[in-house]
Structures are given as C-alpha cells and as structure tokens.
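Thanks for coming. I have one model to go through today, a few places at a time. Please have the sequence and the structure open while I talk.

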Amino acid sequence: MLVSYNWLKDFVKLQVEPHALAEKITRTGVEIAEVKHPATGLKKLVAGHVLNCIKLEGTHLHQCMVDVGEAEPIQIICGAPNVATDEMVIVALHGARIAGNEKIKRGKIRGIVSNGMICGLQEIGFSDSVVPVKYRDGIFVFPKGSNIQPGEDVYHALGMDDYLLDFDITPNRADTLSMEGAAYEVGAIIDQPVKVEPVNLKADGSDWTSTLTAAVDAKLAPKFYLRKVTGVKIVESPLWLQTRLWNAGIRPVNNVVDVTNYIMLLTGQPMHAYDARTFKTGKLSVRLAKPDETLTLLNEKEVALDPADIVITDGNQPVMLAGVMGGLNSEVMPDSHEVILEAAVFDGTLVRKSALRHANRTEASSRFEKGINWDNTQKALDMAALLLRNEASATILDGVLKGSDTGRKPVMVKTTFSYLNKVLGTTLTADQVVALFNRLNFETQVARDQLTVAVPARRWDITIPAHLVEEVGRLYGYDNLKSKQPLLAETQGGYANFELFMRHVKHFLQGQGLMEALSYSLTSKARATLFTKAVQPVAEVKMPLNSSRSVMRQNLLTGLVDAASYNFARKETELAFFEQGRTYDHADGQFNEHEHVATLYSGHVYRNNWEHDEAPVDFYFVKGQLENLFTALGLTDIEYRAEEIAGMHPTRTAGIYVQGDYVGFIGMVSHALTQTEKPLRNSELYGYELDLEQLSHYLPTSTQAKPAPKFPAMSRDLSVLVDQSQSNQSVMAAIRQAAGHYLVKLSVIDVYQGEHLAAGKKSLAYQLTFLNEKATLTDDLVNEKMAAVTTALETKLQASVR
C-alpha cells in the first residue's frame with residue numbers, strides 16, 4: 001500500500017525525514033520497498049487561467065491566452081479537445097521539465113508562437129490508471145472551488161509535494177492496509193501518540209430500515225450493515241479527495257464512489273455504494289450464486305458466476321460480486337439521488353477464490369482475503385455518510401439496517417516476563433515491557449511475572465505468546481539485541497539408520513552394474529496398481545494434467561517398464577536398470593508413502609564377446625543377483641513362494657518372504673503387458689521389487705568380522721530323488737535341520753529331469769560343507785551327520801538318496 005507522508009501527519013506528529021522514517025519502519029518488520037516523491041525531476045509547472053480560447057480553423061488546435069501570474073497573459077497553442085475559456089489548468093512554462101525529463105521550450109506551431117504547454121496529468125508523471133476518465137484523453141482542469149491562483153506551483157495542489165511510502169506488507173500485517181493502521185504502526189515506532197478521533201453522527205431524516213428487508217447468510221457475511229442517504233448530487237470530487245486517492249493508486253470517479261474508496265484507505269474497511277433504485281423490490285439478499293447466473297461488473301466485464309461465489313442480489317438477480325466488485329446494474333449514475341451504503345465483512349477465503357477465478361483482484365478483495373478490523377464496520381459506514389453530507393449535499397436517513405451482526409470475543413494473550421526475556425536474550429524489566437505495549441496502544445495487566453495483554457481488534461494477527469515476543473523484540477530494536485553464542489551440546493551430523501540402509505542398497509546395485517533410473521510418481525489408475533500384491537486405494541490428483549498422470553504410483557516397476565520401452569524403441573535392448581523411490585496409497589483414509597527399490601533386466605548376462613557365451617538374462621540370473629544383495633545385507637531365512645501378481649508372468653514369478661513375512665516379488669513381466677507396448681513385443685523383461693521399509697525390520701543389528709578358520713572343512717556330495725512338486729527350498733530346509741550346526745554351506749550343484757528317471761521325479765544334487773571352528777572334524781562325525789540327513793529326507797520327504 002502507498003502511504004502518504006502528509007496524510008500520516010493528520011494522525012502522528014512527525015519530525016522524522018521521510019527516508020529516515022522508511023528506514024525505521026523497515027527495521028521493525030514492515031518493509032518499505034520504495035519512497036516516492038512525485039515532484040522529483042519536475043520544474044516550472046504552474047497553474048494557469050485560460051482567459052480566451054479560439055479554435056484554429058481547419059485544425060484540432062486552439063489558440064489560448066493564459067494568465068500564469070505574470071504581468072501579461074502568455075499565448076499557448078493547445079491541441080487538447082477539452083481546453084476551454086475560464087478553465088484553471090496546468091501550464092509548463094518555457095524551460096519547464098515534465099515527465100521523462102523532457103524540456104519545454106518556446107516555439108512555433110503552424111507559424112504561431114507558443115510560450116509553453118498546457119498539460120495533462122500523464123504528461124507530468126501520473127499513471128494512466130489513476131487519471132480520471134474525463135481527463136484521460138485531454139488536459140487536466142482543476143475543479144471549481146480549488147484554492148489555487150494563476151502562477152502558483154501546482155505540486156501542492158496535486159499532492160505531488162508528498163512522499164509516498166510503499167508498504168510491502170506480509171499477509172499477517174494487513175492491519176497496515178489502512179491509514180489508521182499505518183499511523184498506529186508509525187506511532188509505535190517513533191514513540192508518538194496517535195490521534196484517531198471517534199465518529200459522532202446525527203441523522204437528518206426519518207428512519208428508513210422498514211423499506212428494505214435483508215436476508216443475509218451469516219456464514220458468508222458475518223457482518224453486513226447498510227445506511228441510506230438521499231438528496232445526493234453526483235459531481236466531481238474536491239481536489240483534496242482526488243489527490244488522496246491517486247496518491248494511493250486509485251482512480252477518482254465521482255464524489256460518491258470516491259468517498260467509499262477514501263474510507264477504505266482510511267479505515268481498511270471496504271465499502272460499496274448502490275443506487276437505491278436497484279432494490280425497488282424492497283428485498284436484498286446475500287447468498288451463493290446459482291448455476292448459470294451471470295453478472296456484468298463495473299469494469300464492463302461479464303462473468304459467469306460460480307456456485308462458490310458470494311453475491312448480493314435484489315431478491316432475484318445478482319447486483320454485486322461480494323467483496324470483489326459491484327455490478328453495472330447497481331452503479332451510482334449521474335442522475336442517482338438516493339444511495340445505499342454498504343459496509344460488511346465477507347468470508348475471506350471465498351472472496352479470494354472468486355477474485356482469482358474471475359481474474360478480477362481488487363483493493364477490496366485484497367483486504368478481505370488478508371483480514372479486516374471487525375470493529376470498524378459501523379465507524380466506516382458513519383464516516384462515509386458524513387462525507388457525503390459534506391461533499392454531495394446528502395441527507396442522512398436515520399437507522400442502520402443490519403443483515404447480520406456477528407461479534408468477536410476480545411483477544412487476551414497471557415505470557416510471562418521471564419519467557420519474553422528468555423526468548424529474546426534480554427533483561428527487560430516489567431516497566432520497560434509495559435511501556436513498549438503502551439506505544440502500541442495495547443492495554444496490559446501485570447501480576448508479578450505474569451503479563452496479560454488485551455489485543456485490540458485492529459491487530460488480529462496477535463493470538464499467542466510468541467506474537468507478543470515479536471512485538472517486544474521489534475519495538476525494542478533488533479539492533480539492540482546482544483549477540484551471544486548459544487550453549488548447546490555438540491551435535492554430530494550423519495544419516496539416519498534407514499537412510500544409510502537405502503544408500504547401501506543403491507551403492508550395491510550400482511556395483512552390480514545397474515544404471516539408476518528416475519521415473520514419474522504420477523501414472524494412470526490402471527498402471528498404478530500393477531506389480532502389487534495387496535492393492536490399496538490410490539492417491540488421486542485433484543486436477544491432473546491428463547489421464548495418464550492422474551494418480552500416484554503404488555509400484556516402481558511400471559516406470560522401469562516405460563524406460564525399457566523407450567530404450568527398445570531406440571534399439572537399446574541390453575538393459576540393467578534400478579530405481580529407488582517412493583510409492584503412495586490412500587489406505588485407512590490417510591495418505592501414506594513407502595520406500596521401495598526395483599530392478600529390471602533384459603538382453604544377455606554378458607555383453608557379446610569372444611570370451612563369453614551369449615547367455616540370456618533369465619529368472620535364475622536375476623534371483624542370483626538378488627541373493628547377492630541379501631547376502632551383503634546380512635539377511636537370512638529367505639523363502640520364495642509362487643505368487644500371482646498383476647503384470648507379472650503367471651508361472652515365472654515368486655513372492656519373497658523373510659522370516660515368513662512378504663517383502664516383495666521377483667519374476668518376469670507378463671507377455672500380456674509387453675505385447676501392449678510395440679517396442680517390447682517378443683521381449684523378456686525380468687526384475688524384482690522390494691519394500692525397503694518392511695525389509696529393514698530384519699536387518700542384523702551389527703556385522704562382526706571373523707578370522708579365517710584354523711581347522712579344515714570337509715565336503716560331501718548328496719544326490720536326492722524327489723517328486724517334481726517338491727521344492728528345492730523344502731529339501732534344503734530338511735538337510736539343514738538334520739545336519740546340525742557344523743553344516744556351514746549348502747549349495748545346489750545339479751538338477752536333472754528326463755530319461756532314466758521315473759515319471760514325476762527329479763534329481764537334485766547338493767554339496768554340503770562341514771566345519772568345526774574349534775577342532776578338526778572326523779570322518780565318523782561327518783558320516784554320522786550325513787546318515788541323519790539321509791534318514792530325514794527319506795522320512796519327511798519320501799526322498800530316495802542315490
């Protein structure tokens with residue numbers, strides 16, 4: 001907000017130069033982005049009285065004789081369409097400097113001497129956005145009754161000798177979006193009392209409230225006040241009012257509209273003025289818009305209203321987009337004589353959304369969305385009525401129509417002086433703290449160490465003790481706070497255990513030759529739940545860019561399959577990818593994230609060269625890679641079970657279980673899925689995906705190094721004939737249980753099915769390695785263990801030992 005230095009003087013005794021004041025304000029927490037002085041760079045701009053104005057035939061030019069306070073009038077040639085006799089205008093004399101540092105010189109136009117220039121506001125530095133419409137395409141004419149004489153500098157009359165402080169506020173300090181709020185802030189900073197006088201209004205006419213009924217939804221508008229004035233004369237606002245508005249960045253319109261904008265700048269309470277003829281039905285309502293309703297705003301923009309828009313209606317059709325802008329159908333016109341003034345508090349969230357939805361953010365909507373002072377509603381309404389009595393010859397009718405009148409409880413915040421000093425690192429006494437709150441015009445109560453502060457409604461940003469600490473700190477002066485090294489225990493940096501575990505997994509996979517991939521977390525609903533054993537409700541995106549990025553993934557393998565398709569389309573078929581990332585779901589009504597890792601392989605085990613056979617990647621190769629990872633992590637008791645998982649091959653997929661708990665799967669991507677991707681047709685993709693959070697529960701607490709054994713190990717080979725339905729895992733479990741703790745290694749060395757074996761049978765060959773770390777093993781002991789193994793296999797699995 002642009003705050004006028006001269007206007008601030010109406011409230012606070014200022015003895016601080018504007019730039020120094022801006023520095024003080026910035027140092028206390030409200031940044032002053034810039035200090036503007038409109039008259040900077042201008043010179044020799046005076047008021048002139050047009051004594052005579054003759055149109056030059058065949059041109060758009062006028063030959064004017066202008067009194068500029070010199071001994072004789074000067075002649076100026078002017079091309080503005082609105083120049084006329086007996087007008088008081090802005091004149092740039094010979095040698096003047098106007099906007100853009102342009103110099104005005106005496107010269108000839110069409111052979112006629114022109115001794116200067118009659119100026120429009122834009123030509124002396126005003127923005128188009130604040131120039132009154134009637135002067136936008138011509139020169140500025142001082143309103144009748146302006147107290148300015150020919151030859152007098154125009155800077156004071158136009159407000160250009162002022163200094164404008166650009167308050168670049170944060171959303172929590174919207175209290176400074178008014179002159180009164182800014183005055184309280186400045187007064188506290190420079191320790192000067194603030195003069196804000198109460199409003200005493202006495203009505204001129206009879207009560208009018210029975211002529212209009214107001215149906216207001218208090219949830220949409222907690223406070224909604226109306227007052228009526230009659231006998232209004234719509235004219236141009238006096239110059240003092242126009243200068244206050246355009247210095248704040250607002251375009252003057254007419255005396256009624258300008259008064260409502262002036263009150264908003266003064267108190268922070270947005271207002272609106274309706275032509276009373278709008279409510280000829282005798283009804284007014286505040287409600288949400290209905291479907292298919294439209295409204296043409298005052299800026300002539302037609303908007304299709306949304307059911308979430310708050311609107312003011314005449315009982316039937318909308319006449320205002322509440323908190324944003326009035327409708328053209330309720331505008332105060334030149335022939336308006338009766339005006340209804342509105343001061344209200346609207347739901348800030350709905351107002352903000354309406355302004356954004358219709359791309360129509362205004363000064364009013366900005367204040368409603370950040371918050372306003374609920375105690376200023378009546379005051380603003382009365383002040384506006386008084387100004388209209390003075391500036392529009394209005395008669396104020398008795399009575400205020402209150403459609404809603406929700407109150408707010410006073411805010412009392414309690415804290416202690418010891419807490420304030422502890423947080424700030426100060427040793428302020430109770431008297432010093434109370435004095436700082438007195439500068440803010442906050443009432444306080446002190447009971448020993450206890451401090452209770454009554455927060456006025458104009459400071460709705462203060463609700464908790466920490467806010468009081470901030471107020472004390474900034475008024476005491478951040479520069480006055482002593483720097484002191486905090487006494488803290490030394491903290492050793494490092495990663496959390498789970499983070500270290502994930503990094504270990506990534507580094508190991510990179511060491512296996514896999515390339516890390518990064519894929520989108522967003523995917524389609526159909527693909528989100530592929531490669532998932534227990535499908536959970538998906539986490540949906542509210543406003544997705546397209547259907548293929550509408551939900552959050554529940555697996556990582558989908559992204560790796562997409563990466564494989566991309567590479568296959570470019571003839572890159574030898575792939576080994578991994579991705580470590582998060583999956584998401586919406587289980588139990590809340591959003592959850594899980595850390596996973598997935599791999600994907602295709603092509604051959606080794607690159608094609610003369611040293612190696614072209615062995616294709618298959619299930620057993622990928623399983624070997626996975627078991628190497630488990631070994632590196634120190635995991636034991638791992639089991640693989642046949643599983644049916646969407647997106648995976650029905651007979652080449654296994655669930656991975658650690659100590660009986662499911663932690664992931666391994667297998668081949670189904671042909672049904674790869675056939676849908678043209679580049680992947682007739683290809684075989686293998687991979688696995690692990691839930692790292694689940695897996696981390698089974699990690700050993702520590703890893704201990706062991707010296708090489710001092711005593712020799714002994715190995716025995718064992719060939720077993722079992723049913724084809726018997727799994728290798730069950731056979732190995734039986735061997736380990738029977739062999740005892742001297743069995744240190746068990747591995748499969750051969751698998752055979754075919755000729756010379758009975759139907760439905762298979763042969764499994766194992767190598768068993770025994771070791772006693774404390775003594776040399778004997779053949780008798782090993783033979784005893786092998787006999788126990790043979791007996792266990794024959795009795796438990798009905799196997800035949802060959």
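I will go through a helix, a strand residue, two cysteines, a helix pair, the surroundings of another helix, and two loop residues.

To begin with, this is a predicted model.

Start with helix α5, residues 255-267. Its 13 residues reach 18 Å from the first C-alpha to the last, close to the 18 Å expected at 1.5 Å a residue. Is α5 mostly covered or mostly open? It is mostly covered, with twelve of the 13 residues buried. Among them are Asn-255, Asp-258 and Asn-261, together with Val-259, Ile-263 and Leu-266. At the start of the helix, a side-chain oxygen of Asn-254 comes to within 3.1 Å of the backbone nitrogen of Val-256, and Val-256 is itself on the buried list. Just after the other end, Gly-268 has a positive phi of about 85 degrees.

Next, a single strand residue. Thr-452 sits in strand β26, which covers residues 450-455. Its relative accessible area is 10%, so Thr-452 counts as buried. What does Thr-452 touch, leaving aside neighbours within four places in sequence? The contacts are Met-412, Val-413 and Lys-414, and then Glu-443, Thr-444 and Gln-445.

Now the cysteines. How many disulfides does the count give? The count comes to zero. Cys-53 is in no disulfide, and the nearest cysteine sulfur, in Cys-64, is 3.7 Å away. Why is there no bond from Cys-64? The closest cysteine sulfur to that of Cys-64 is the one in Cys-53, and there is no bond because 3.7 Å is too far. The cut-off used here is 2.5 Å between the sulfur atoms. As for burial, Cys-53 counts as buried at 18% relative accessibility, and Cys-64 is buried at 0%. The cut-off for buried is under 20%, so the 18% of Cys-53 falls within it.

On to a pair of helices. Helix α10 runs over residues 430-439 and helix α11 over residues 465-476. Their axes come within 10 Å and cross at roughly 90 degrees. The two helices, α10 and α11, are therefore roughly perpendicular to each other. Which residues meet? From α10 there are Val-433, Leu-436, Phe-437 and Arg-439. From α11 there are Leu-468, Glu-471, Val-472, Leu-475 and Tyr-476. In general, an α-helix has 3.6 residues a turn, so residues three or four places apart point the same way.

The next stop is helix α14, residues 557-568. Val-561 lies in this helix and is buried, at 3% relative accessibility. Leaving aside neighbours within four places in sequence, Val-561 is in contact with Phe-531, Leu-600, Val-669 and Leu-680. For scale, Val-561 and Tyr-742 are 181 residues apart along the chain, and their C-alpha atoms are separated by 45 Å.

Ser-565 is also in α14. Buried or exposed? Ser-565 is buried, with a relative accessible area of 9%. With the same neighbours left out, Ser-565 is in contact with Glu-677, Pro-679 and Leu-680. Leu-680 is therefore a contact of both Ser-565 and Val-561.

After α14 comes a loop that leads to β30, residues 575-585, and Arg-570 is found in that loop. Arg-570 counts as partly exposed, at 47% relative accessibility. Where does its side chain make a polar contact? A polar atom of the Arg-570 side chain lies 3.0 Å from the backbone oxygen of Tyr-566. Arg-570 and Met-552 are 18 residues apart in sequence and 28 Å apart in space, C-alpha to C-alpha.

Last, two residues with an unusual backbone angle. Most residues other than glycine have a negative phi. Asp-292 has a phi near 75 degrees, a positive value in a residue other than glycine. Asp-292 is in the loop between β15, residues 283-288, and β16, residues 294-296, and is exposed with a relative accessible area of 77%. Ala-359 also has a positive phi, near 50 degrees. Ala-359 is found in the loop between α6, residues 348-357, and α7, residues 363-370. At 63% relative accessibility, Ala-359 counts as exposed.

That is the end of my list.

Key: Residues are numbered from 1 along each chain as its sequence is written. This is a predicted model: local features need pLDDT of at least 70, side-chain atom pairs count only at pLDDT 80 or more; totals for chains, interfaces and linings use all residues. Side-chain values use heavy atoms; hydrogens and water are left out. Helices (H or I, at least four residues) and strands (E, at least two) are DSSP runs, numbered from the N terminus. The expected span of a helix is 1.5 Å times one less than its number of residues. Buried means under 20% relative accessible area, exposed over 50%, partly exposed in between (1.4 Å probe, protein chains only). A polar contact is a pair of N or O atoms within 3.5 Å; within protein, one must be able to donate a hydrogen and the other to accept it, and residues adjacent in sequence count only if both atoms are side-chain atoms. Contact means heavy atoms within 4.5 Å. Axes are lines fitted to C-alpha atoms, for helices over the stretch in contact, and angles run from 0 to 180 degrees between N-to-C directions. Angles under 35 degrees count as roughly parallel, over 145 as roughly antiparallel, 65 to 115 as roughly perpendicular and the rest as oblique.
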